[in-house]
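Biologist: I'm new to reading protein models. Could you walk me through one?

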Amino acid sequence: SRYATDFEGTYEPTGNLKNDAKFVSAIEALAKKRGISTSELYKVIQGESGFNTRASNKSGAAGLFQFMPDSAKELGVSSSTILGMSAAEQVGLYDRYLERWNYSSKNRLGIMQAAPAYANREADAVVYGKGSAAWKQNPGWRELGNGDITVRSINSYYARQG
């Protein structure tokens, strides 16, 4: 297959979070509940925030999972509230986020970072068409390098990143 489908690699928390029993327990419970590996959750956190609970960016994204302000508002919190949460509380909020989008383990967890509305779409669904702004900003997500960005190509990107 030209596309990775299974998540590859083993990832562990770094910094203060590797010794945070409440955080590790929350991750283990979320992984079990959602049918995904703890490594996949840790990889998303590593890529989004580098395990920094107070990470934020110029777009207003906040926390371990880099919740965008609109997503935070939908979940009944603000970006500043997220930055004040413990790591375990942020994992709980991420579970609510996954629930909000009806996430199942049908697709890689990375789709929730890239395009949550496509969480349960079929592999050939086009997420960003060739030439769009998002297509230009995310060359790694492109289908076979230059095609449309699809659920399959995003899944593959997040499955193989290491």
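Modeller: Sure, let's start in helix α7, where you'll find lysine 136; helices here are DSSP runs of H or I, at least four residues, and strands are E runs of at least two, numbered from the N terminus. This is a predicted model, so local features need pLDDT of at least 70 and side-chain atom pairs pLDDT 80 or more, while totals for chains, interfaces and linings use all residues. Residues are numbered from 1 along each chain as its sequence is written, and side-chain values use heavy atoms, leaving out hydrogens and water.

Biologist: Is lysine 136 buried or exposed?

Modeller: Buried means under 20% relative accessible area, exposed over 50%, and partly exposed in between (1.4 Å probe, protein chains only). Lysine 136 counts as exposed because its relative accessibility is 57%.

Biologist: Which residues does lysine 136 touch, not counting those up to four places away in sequence?

Modeller: Contact means heavy atoms within 4.5 Å. On that basis lysine 136 touches Gly131 and Arg142.

Biologist: Where is arginine 142?

Modeller: Arginine 142 sits in the loop between α7 (133-137) and β2 (149-150).

Biologist: And what about its charge partners?

Modeller: A salt bridge puts a side-chain nitrogen of Lys or Arg within 4 Å of a carboxyl oxygen of Asp or Glu. Lys and Arg count as positive, Asp and Glu as negative; His and the chain ends are not counted. Arginine 142 is buried but has no salt bridge, and the nearest side chain of opposite charge, aspartate 148, is 9.2 Å away. Still, a polar atom of the arginine 142 side chain lies 3.0 Å from the backbone oxygen of tryptophan 135.

Conventions
Polar contact = N/O pair within 3.5 Å; in protein donor to acceptor, adjacent residues only side chain to side chain.
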